[in-house]
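Here's a quick tour for someone meeting this structure for the first time. Have a look at it, then read on.

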Amino acid sequence: MLFQFSEEERLIQKTVRDFARRELAAVADISNRDGVFRDDIIKGLSALGLMGITIPEEYGGVNFGTFSLAVALEEISRICPSTAVAVSVHNSLANHIVLKYGSEELKAKYLPRMASGEAIGVYALTEPDAGSDVSAIRMSAVRKGHEYVLNGAKIFISTGDKAGVVIVIARTDPGSRTRGLTAFLVEPGFPGFSVGKVEHKMGLKASTTVELVFEDCRVPSANVLGEEGMGMQIALGSLDGGRIGIASQALGIAQTALDEAVLFGRERTQFGKRLVDFQMTQAKIADMATNVDAARLLVYRAARMRDAGENCSKEASMAKLFASRIANAAVYDSMQIHGGVGYTEEFRIERFFRDARVTEIYEGTSEIQRIVIARKVLEEYEQMYPV
Ligand SMILES: Cc1cc2nc3c(=O)[nH]c(=O)nc-3n(C[C@H](O)[C@H](O)[C@H](O)COP(=O)(O)OP(=O)(O)OC[C@H]3O[C@@H](n4cnc5c(N)ncnc54)[C@H](O)[C@@H]3O)c2cc1C
């Protein structure tokens, strides 16, 4: 059954839920208030196998699938969406790309370190002039003997200053918009690599977001992922998994918004009644609960399809589009139910309100998800009803 958990998946859900409620909850409010990325939390998650959750055992991973990762990310996000973005990018983008496109040497060298959490993987695609439009990437990679020399900057890179492995998409052929990009595995220790501007964001404060600067950065040609010219395919193809990850993050945020609304609404009384006894509050709770369930079903479907090796671009985009939208609606309504105290840092909903916003922006904005979905739907109609 699509939505039935295996014993293994139940165990992952319970293990991550326990860790999140015990270890992560103890530090999340403070680390988000102070803008501190907690290495010890990543170590704790690594000990549970989370940093190598989809990596085969021969490379030190636990070899579970996208579904397990989605379930784990929801549990982490219910407590700390900042932690979830680091775990999501590491697994669904960096680990995935090295596993799928790395040579045997690269896999043997890097995956065990990534699976153990020793090397955090990050994904560097965005540039000042290339956000939604990946084909506008300018960062150059010029081959010189057994090396490529990279020049340019990437911006908004999640966990970029904590990285052990950076997946970089750069331009090897200025003449071709689509076949002109190549993916590289870069170590922060390579000459010419540095961390630039640190962003001060609205939310996700316990996750760092930085600029990465490449000045004559020398990368061995053996560190090309796939082949030269495959960068666009690798970058866009891998986003399916990334989008399921962010949809799971949004789902966790929405679930917390609902939880907090109900718990608060049972405690607070006005006009001699609990807030949850007012029909207008109940209508908000009913909408939130329905949306959370619908989002979860979309996430689970996309994850199961990905694990089955099916093309799930449309379904991953639907899950991300819907989950991020209902997460933002849920934090809005939950804050409304909290009233004035919900607008203060005393209550968790204030943090989740800020954390929700970016889920409609990164790993493809909602507008880009709609483009992906509409293109696929129109293709399907073209096949069903050719004109
Ligand atoms: C906290 C955070 C973390 C991030 N982490 C990473 C990371 O780890 N790695 C990475 O590479 N990037 C990362 N990003 C970058 C993120 O993926 C981009 O911000 C996102 O893809 C949008 O690009 P942009 O900001 O350049 O906006 P733009 O592409 O300039 O878009 C601006 C607006 O125009 C709309 N728009 C653009 N094109 C169209 C169109 N064809 N039709 C209709 N509307 C359109 C967009 O939907 C959006 O509303 C991160 C961003 C943030 C804020």
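## Helix α2: two sides

A residue counts as exposed if 12 or fewer other C-beta atoms lie within 10 Å of its own, and as buried if there are 20 or more. Keep in mind that this is a predicted model.

With that in hand, take helix α2, residues 39–47, whose buried residues are I41, I42 and L45. Looking down the axis of α2, you'd see these fall within an arc of 100 degrees, so they line one face of the helix. An α-helix has 3.6 residues a turn, so residues three or four places apart point the same way.

What sits over the buried residues of α2? The cover includes α1 (7–34), α4 (81–101) and β1. On the face turned away from the buried side, α2 carries the exposed residues D39, D40 and A47. Just after α2 comes G49, with a positive phi of about 90 degrees.

## The nonpolar core

The largest nonpolar core has 116 residues, and F184, A254, V299 and A323 have the most contacts inside it. Helix α6 (residues 231–267) gives the most to this core, with 13 residues.

Zoom in on A254: setting aside neighbours within four places in sequence, its contacts include N291, V292, A295, A323 and I326.

## Around the ligand

Of the 20 residues around the ligand, L125, G131, S132, T365 and E367 come nearest. By class, that shell has 11 nonpolar, 6 polar and 3 charged residues.

Which element gives the most to the shell? That's β3, with 3 residues. Domain 2 (122–230) and domain 3 (233–384) both give residues to the shell, so the ligand lies between them.

Definitions and conventions:
Residues numbered from 1 in each chain as written. Predicted model: local features only at pLDDT ≥ 70, side-chain atom pairs only at ≥ 80, totals over all residues. Near = placed C-beta within 6 Å. Helix = DSSP H or I, 4+ residues; strand = E, 2+ residues; numbered from the N terminus. Nonpolar A, V, L, I, M, F, W, Y, C, P; charged D, E, K, R; others polar. Domains from an automatic or database assignment. Core = buried A, V, L, I, M, F, W, Y, C linked by C-beta atoms within 7 Å. Contact = placed C-beta atoms within 7 Å. Arc of directions from axis to C-beta.
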